[in-house]
Amino acid sequence: MIPDPDRKLENCPLVIFIAYTVPARAEPEGYSDWLRRIDMPFFNAIPGTHHYANWRLRDVQKGAVPVWDYFDFQGVEKEEDLERVWFNPDLDTFRKEWLRLWGYGREDAPAVLRHSYVLRPVFRADTIPSDPVLTLAAGTGPTPSLGDADLVWRVESVLHKHFGASSRGGPWKTSTEDANPLGLDWLAIRHGTTPFEPPDATLVTRADLIAAPDRT
């Protein structure tokens, strides 16, 4: 995929946050390379997707180690694109193939892995670097004022992964007030290795970029 410098995460009005894990065999069998060759180009080709990138946790600096050690950002071009992106006709098939190839490394994945999360931006820095490492800080309660962050989002709703639902007749999106398996109300990121640890954060972890549309 040819890098597209215009497909920036900060230009997305809504972002889907996908937190997940894979079995121990995945990386030795080329999982990150598969993300670069197959996964990232596929998602960025979905109509309505503006930015889709894969990240992997490097270390947790504050809080309990989450059950997920990878995460993806999938930003939409327009807010009204959310539903058509989520129900893209090719996406269900792709998700099932991902499960067949990689799975979650466990028989019964916890709820946090069986859902994705809609983030609404509440802060954007004037200038955002493109370092291949970032610090992700997150917490519960009201969103703090974080002038030293690059981007800050509010966790607005929960997306139900319809391919794994026991009944497809249920809702595809629900409010975090009903249930929030992620257990976080806001997320913030800062690129680079400069320390970033908001006092209100319950989780602070660094992550490394695997693949993105604006990077080689």
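In this predicted model, strand 2 and strand 8 (186-191) each contribute at least two residues to the lining of the second largest cavity. Strand 2 is the main contributor to this lining, giving three residues. The space enclosed by the second largest cavity comes to about 190 Å³. It is lined by 18 residues, of which His 51, Trp 55, Ser 130, His 191 and Asp 214 are the closest to its centre. Sorted by class, the lining of the second largest cavity holds 10 nonpolar, three polar and five charged residues.

Lys 8 offers a useful way into this region. The residue sits in the segment before strand 1, and apart from neighbours within four places in sequence, Lys 8 is in contact with His 50, His 51, Ser 130 and Asp 214. Three of these partners deserve a second look: His 51, Ser 130 and Asp 214 are also among the residues closest to the centre of the second largest cavity. Lys 8 counts as partly exposed because its relative accessible area is 22%, a value above the 20% under which a residue is called buried. As a long-range reference for anyone checking distances, the C-alpha atoms of Lys 8 and Phe 123 are separated by 15 Å, with the two positions 115 residues apart along the chain.

Attention now turns to the other cavity. A search of the whole structure returns two cavities of 30 Å³ or more, and the largest cavity holds about 230 Å³ of space. Its lining is made up of 17 residues, with Ile 18, Phe 43, Arg 95, Trp 98 and Lys 161 the closest to the centre. Strand 1, helix 1, strand 3 and helix 3 are the elements that give two or more residues to this lining. Helix 1 has the largest share of the lining of the largest cavity, at four residues. By class, the residues lining the largest cavity are 11 nonpolar, two polar and four charged.

Helix 1 itself merits a closer description. The helix covers residues 31-44, 14 residues in total, and spans 18 Å from its first C-alpha to its last, close to the 20 Å expected at 1.5 Å a residue. The helix has a kink of about 30° at Arg 37, shortly before the proline Pro 41. On its buried side are Tyr 31, Ser 32, Trp 34, Leu 35, Asp 39, Met 40, Phe 43 and Asn 44. The packing partners of these buried residues are strand 1 (15-20), strand 2 (49-62), strand 3 (70-76), helix 3 (91-101) and strand 9 (203-211). Ahead of the helix, Gly 30 is found in the loop between strand 1 and helix 1. Gly 30 is partly exposed because its relative accessible area is 25%. The C-alpha atoms of Gly 30 and Asn 11 lie 31 Å apart, although the two residues are separated by 19 residues along the chain.

Trp 98 links the description of helix 1 with that of helix 3, the element in which this tryptophan lies. With neighbours within four places in sequence set aside, Trp 98 is in contact with Tyr 20, Thr 21, Val 22, Tyr 31, Trp 34, Gly 103 and Tyr 104. Among these partners, Tyr 31 and Trp 34 are buried residues of helix 1. Trp 98 is classed as buried because its relative accessible area is 10%. The C-alpha atoms of Trp 98 and Asp 39 are 9.0 Å apart in space, with 59 residues separating them in sequence.

Finally, an open site completes the survey. The second largest pocket has a volume of about 160 Å³. Its lining consists of Ala 64, Pro 66, Val 67, Trp 68, Val 112, Pro 181, Leu 182, Gly 183, Leu 184, Thr 202 and Leu 203. Nine of the residues lining the second largest pocket are nonpolar and two are polar, with no charged residue present. Charged residues do appear in the linings of the largest cavity and of the second largest cavity.

Definitions and conventions: Residues numbered from 1 in each chain as written. Predicted model: local features only at pLDDT ≥ 70, side-chain atom pairs only at ≥ 80, totals over all residues. Heavy atoms only, no water. 1 Å grid on protein atoms, 1.4 Å probe; cavity = no way out; pocket = protein on both sides within 12 Å on 5 of 7 lines; lining within 4 Å. Points joined across faces, edges and corners; volume = space filled by probe spheres on them. Nonpolar A, V, L, I, M, F, W, Y, C, P; charged D, E, K, R; others polar. Expected span 1.5 Å × (residues − 1). Bend = angle between axes of the 7 residues up to and from the residue. Buried < 20%, exposed > 50% of the residue type's maximum accessible area, 1.4 Å probe, protein only. Contact = heavy atoms within 4.5 Å.
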